[in-house]
Amino acid sequence: MITPARSGPPCPGPGGPRRLVHADCFRLESREELEAAGLLDWLAPGSVLVAEWGDRFEAALGSDRLEVRIRELADGSREIAGRAHGPGAALALAGWRERCP
């Protein structure tokens, strides 16, 4: 079963509005299924893709991406960590760290 990606109205971003797309890749078995679900549209210029379980398809998601991990701590709070893959992601991560020290 393929869970369709959801996209919302454009949201503000550097260089103009961006289309935010959410994709849950948990049930996808192959890159072919990912592409059939709409990967190329999700990666189009002007879109921001948030892919849950995206680590299953790292090569398909491109070399310039921001990996975000959310982990629950023993006290119930959450730890959020970012890792940049590529120059655009590095800029985004630097901006995130500046705004959220």
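This report walks through the fold, a strand hairpin, an aromatic pair and the salt bridges of one predicted protein model.

The model is predicted, with local features needing pLDDT of at least 70, side-chain atom pairs counted only at pLDDT 80 or more, and totals for chains, interfaces and linings using all residues. Residues are numbered from 1 along each chain as its sequence is written, and side-chain values use heavy atoms, with hydrogens and water left out.

## Overall fold

The protein has 3 helices and 5 strands. Helices (H or I, at least four residues) and strands (E, at least two) are DSSP runs, numbered from the N terminus. Along the sequence they follow the pattern β-β-α-α-β-β-β-α.

Of the 101 residues, 20% are buried. Buried means under 20% relative accessible area, exposed means over 50%, and partly exposed lies in between (1.4 Å probe, protein chains only). The accessible surface comes to about 7,200 Å². Carbon and sulfur atoms hold 56% of that surface. These areas come from the Shrake-Rupley method with a 1.4 Å probe; for residues, only the protein chains shown count as cover.

A contact means heavy atoms within 4.5 Å. Among contacts with a separation of 6 or more, 39% join residues 24 or more positions apart.

Two C-alpha pairs give examples of chain parts separated in sequence. S47 sits in strand β3 and is buried, at 18% relative accessible area. Its C-alpha atom lies 6.9 Å from that of V21, 26 residues away along the chain. Beyond its neighbours within four places in sequence, S47 is in contact with R19, D41 and W42. E32 belongs to helix α1. E32 is exposed, at 57% relative accessible area. The C-alpha atoms of E32 and A60 are 9.9 Å apart, across 28 residues of sequence.

## The β4–β5 hairpin

Strand β4 (residues 65-72) pairs with strand β5 (residues 78-85). The sense is antiparallel, over 8 bridges. Two strands count as paired if DSSP finds at least two bridges between them. I70 has I80 as its bridge partner in β5. L66 stands opposite A84 in β5. There are 5 residues between the strands of this hairpin, and G76 takes a positive phi near 90°.

Which residues make the nonpolar surface patch of about 360 Å²? They are L66, V68, I70 and I80. Strand β4 gives the most, with 3 residues. I70 lies in β4 and is exposed, with a relative accessible area of 59%. Patches are made of residues with over 30% relative accessible area and no salt bridge; like charges are joined within 9 Å, and nonpolar side chains (Val, Leu, Ile, Met, Phe, Trp, Tyr) within 5 Å.

## The aromatic pair

The structure holds 1 aromatic pair. F26 and W53 form this tilted pair, 4.8 Å centre to centre and with 55° between the planes. F26 lies in the loop between β2 (19-24) and α1 (31-37), and W53 in the loop between β3 (47-52) and β4, so the pair ties together parts 27 residues apart in sequence. Rings of Phe, Tyr and Trp (its six-membered ring) pair if their centres lie within 6.5 Å; planes under 30 degrees apart count as stacked, over 60 as edge-to-face and the rest as tilted.

Both rings belong to partly exposed residues. F26 has 42% relative accessibility, and W53 has a relative accessible area of 45%. W53 also has a positive phi of about 60°, although it is not a glycine. Most residues other than glycine have a negative phi.

## Salt bridges

Side chains of opposite charge can pair when their charged atoms come close. A salt bridge here is a side-chain nitrogen of Lys or Arg within 4 Å of a carboxyl oxygen of Asp or Glu. The count comes to 6. The table gives three of them, including closest N and O distances.

| Acidic residue | Basic residue | Closest N and O atoms |
|---|---|---|
| D55, 41% accessible | R69, 43% accessible | 3.9 Å |
| E58, 35% accessible | R65, 18% accessible | 3.6 Å |
| E79, 35% accessible | R71, 47% accessible | 2.9 Å |

R65 is buried, whereas its partner E58 is partly exposed. D55 forms its bridge with R69. D55 lies in the loop between β3 and β4 and R69 in strand β4, so the pair ties together parts 14 residues apart in sequence. D55, E67 and R69 are linked in a network of salt bridges.
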